[in-house]
Every structure is written in C-alpha cells, then in structure tokens.
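Below are my notes on the model you sent, set out as numbered points.

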Amino acid sequence: MKVTRTNAKGETRQLLLKEYFLNAFLIATLKKMGEEAGKIARGPEKLVPVRVKA
C-alpha cells in the first residue's frame, strides 16, 4: 500500500506504508534511547531521609 503526500509547493511523494511505520518506529526508539542515556549520564538520584510518624 502506498501513501501519497503533497507538500505546500504541490510536489508529491510516495512512501510505502511499511516504510512509513518503520520510520516512525525508529524515531520513537531513538528518542527513548536518548532519554535513557540521559538518565544514565545524570547518575543515580540521591536519596533524602524522610521522617516517618509511627
């Protein structure tokens, strides 16, 4: 199945549906990897003692 896109200039571009979803999947995966790498780079979160009433 093909998806046809038309931009503001009137040019058309055809993408295969599989290619479209593969691109979306890769973008989401790279975004998630970047977020996880950012968490690792920041290091572990420091724990703060909290008073507990019994």
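**Notes on the predicted model**

1. The accessible surface of the protein is about 5,800 Å², and carbon and sulfur atoms account for 62% of that area. The model is a predicted one. Of the 54 residues, 2% are buried.

2. The overall dimensions deserve a remark. The radius of gyration is 22 Å, whereas a compact globule of 54 residues would come out near 10 Å. Along the principal axes, the C-alpha atoms occupy a box of roughly 65 × 25 × 25 Å.

3. On secondary structure, the protein has 1 helix and 2 strands. Their order along the sequence is β-β-α. The helix, H1, covers residues 17-42.

4. Two residues of H1 can be taken together. Leu22 lies in this helix, and Ala24 is found there too. Leu22 counts as partly exposed because its relative accessibility is 47%, a value that falls between the 20% limit for buried and the 50% limit for exposed. Ala24 has 39% relative accessibility and therefore also counts as partly exposed.

5. Leu22 also belongs to a nonpolar surface patch, which it forms with Phe25 and Leu26. The area of this patch is about 310 Å².

6. How far apart are the C-alpha atoms of Ala24 and Arg13? The separation is 17 Å, for two residues that stand 11 residues apart along the chain.

7. Concerning charge, the protein carries 12 positive and 5 negative charges. The mean position of the positive charges and that of the negative charges are 6 Å apart.

Note on methods: Residues are numbered from 1 along each chain as its sequence is written. This is a predicted model: local features need pLDDT of at least 70, side-chain atom pairs count only at pLDDT 80 or more; totals for chains, interfaces and linings use all residues. Side-chain values use heavy atoms; hydrogens and water are left out. Patches are made of residues with over 30% relative accessible area and no salt bridge: like charges are joined within 9 Å, nonpolar side chains (Val, Leu, Ile, Met, Phe, Trp, Tyr) within 5 Å. Accessible areas come from the Shrake-Rupley method with a 1.4 Å probe; for residues, only the protein chains shown count as cover. A salt bridge is a side-chain nitrogen of Lys or Arg within 4 Å of a carboxyl oxygen of Asp or Glu. Helices (H or I, at least four residues) and strands (E, at least two) are DSSP runs, numbered from the N terminus. Buried means under 20% relative accessible area, exposed over 50%, partly exposed in between (1.4 Å probe, protein chains only). The radius of gyration is taken over C-alpha atoms; the globule rule is 2.2 Å times the number of residues to the power 0.38. Lys and Arg count as positive and Asp and Glu as negative; His and the chain ends are not counted. The place of a charge is taken as NZ of Lys, CZ of Arg, CG of Asp or CD of Glu.
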